[in-house]
Amino acid sequence: MKLDRLIARHRFMGRNAALRAIGAGRVRVEGGVITDGHTEVSRFCTVLLDGEAVQAAERAMYLVMHKPAGWLSATKDPLQPTVLDLIDDPDKETLHIAGRLDKNTSGLLLLTNDGRWSNQLMSAESKVPKVYRVETHEVIPPEAVEAFEHGFYFHTEDITTLPAHLVILGSRLARVTLHEGRYHQVKRMFHRVGCRVAALHRESVGGLSLPGDLKPGAWRAMTPQEIDSAMRSAPHA
Ligand code: URA
């Protein structure tokens, strides 16, 4: 929300009066004086007017998890265990998943309560690369590389997939980089080249790789560098 709106709402003072108060240096955001009323402030910032609290900072959470296969990428389910059951934190109910994985997929999973960050990370426009290691039941045909680059038409969504980078690592093993995240996308793309996916593991999102110290089921808070690097592009593996 814009700072002037937040101040105006607090004291019912109207936006012009709020702008004047801000311009006069009476408002602090995270301890620093801000004089531009159009500054965006998130709910994770403390805001003071004349030293009085206008907004108390909410706790921002950014978690990285090594999702084990067999756990549901959901925050609630009446029947099955979800990845939230793996988290032991009093504020875990505020979390949502930034980019779900299928139940039988393992690897890098991000959870947060910052909707702006997760929307930006997962939006089609951001084109943040996601890298998956894929094991297949059938031998991967060499033509798959070009087919993935060219894209596949998905009738249900009426879209053609963005160019995906496929590296064949073995007769039934590959690494694929996607710049979008459609429903069962990796499985559907492999199906088009005659392969059923036997195992799927997400290795990275943007510039963030699954930390080597995280065993399946383990999680931890992300460092500020990790929060930033998830949004950045990484070179193809
Ligand atoms: N593509 C899939 O098919 N499944 C996932 O879990 C992620 C990408």
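**Helix faces and pockets: a chat**

Reader: Let's start with α3. Which of its residues are buried?

Author: In this predicted model, the buried residues of α3 are Trp117, Ser118 and Leu121.

Reader: How wide an arc do they cover around the axis?

Author: Only 95 degrees, which puts Trp117, Ser118 and Leu121 on the same side of α3. As background, an α-helix has 3.6 residues a turn, so residues three or four places apart point the same way.

Reader: Nice. What do the buried residues of α3 pack against?

Author: Quite a list: the strands β5 (62-67), β6 (96-97), β7 (105-112), β8 and β13, plus the helix α6 (224-229).

Reader: Switching to α2, which residues are buried there?

Author: Helix α2 spans residues 15-23, and its buried residues are Ala18, Ala21 and Ile22. Viewed down the axis of α2, they fall within an arc of 100 degrees, so they line one face of the helix.

Reader: And on the other side of α2, which residues are exposed?

Author: Asn16 and Arg20 are exposed there.

Reader: What does the buried face touch?

Author: The buried residues of α2 pack against α1 (3-11), β1 (27-29) and β3 (47-49).

Reader: What about glycine 25, just after α2?

Author: Glycine 25 takes a positive phi of about 80 degrees.

Reader: OK, pockets now. How much space lies in the largest one?

Author: About 430 Å³. The largest pocket is lined by 23 residues, and the closest to its centre are Arg100, Leu101, Asp102, Arg182 and His184.

Reader: Which elements supply at least two residues each to that lining?

Author: They are β8 (130-136), α5 (185-192) and β13 (197-205). The largest share comes from α5, with 3 residues.

Reader: How does the lining of the largest pocket divide into nonpolar, polar and charged?

Author: It has 9 nonpolar, 6 polar and 8 charged residues.

Reader: And how much space is in the second largest pocket?

Author: About 210 Å³. Of the 13 residues lining the second largest pocket, Val41, Ser42, Arg43, Phe44 and Arg116 are the closest to its centre.

Reader: Which elements give two or more residues to the lining of the second largest pocket?

Author: Those are α1 and α3 (115-122), so we're back at the helix you began with.

Reader: Which domains does that lining draw on?

Author: At least three residues come from each of domain 1 (3-55) and domain 2 (62-229).

Reader: Last one: what's the split by class there?

Author: The lining of the second largest pocket has 6 nonpolar, 3 polar and 4 charged residues.

Definitions and conventions. Residues are numbered from 1 along each chain as its sequence is written. This is a predicted model: local features need pLDDT of at least 70, side-chain atom pairs count only at pLDDT 80 or more; totals for chains, interfaces and linings use all residues. Side-chain values use heavy atoms; hydrogens and water are left out. Buried means under 20% relative accessible area, exposed over 50%, partly exposed in between (1.4 Å probe, protein chains only). Helices (H or I, at least four residues) and strands (E, at least two) are DSSP runs, numbered from the N terminus. The arc is that of the directions from the helix axis to the C-beta atoms. Contact means heavy atoms within 4.5 Å. On a 1 Å grid over the protein atoms alone, a cavity is a set of points where a 1.4 Å probe fits but cannot get out, and a pocket is an open set with protein on both sides within 12 Å along at least five of seven lines; lining residues have an atom within 4 Å of a point. Grid points are joined across faces, edges and corners, and a volume is the space filled by probe spheres set on the points. Ala, Val, Leu, Ile, Met, Phe, Trp, Tyr, Cys and Pro count as nonpolar, Asp, Glu, Lys and Arg as charged, and the others, Gly among them, as polar. Domain bounds come from an automatic or database domain assignment.
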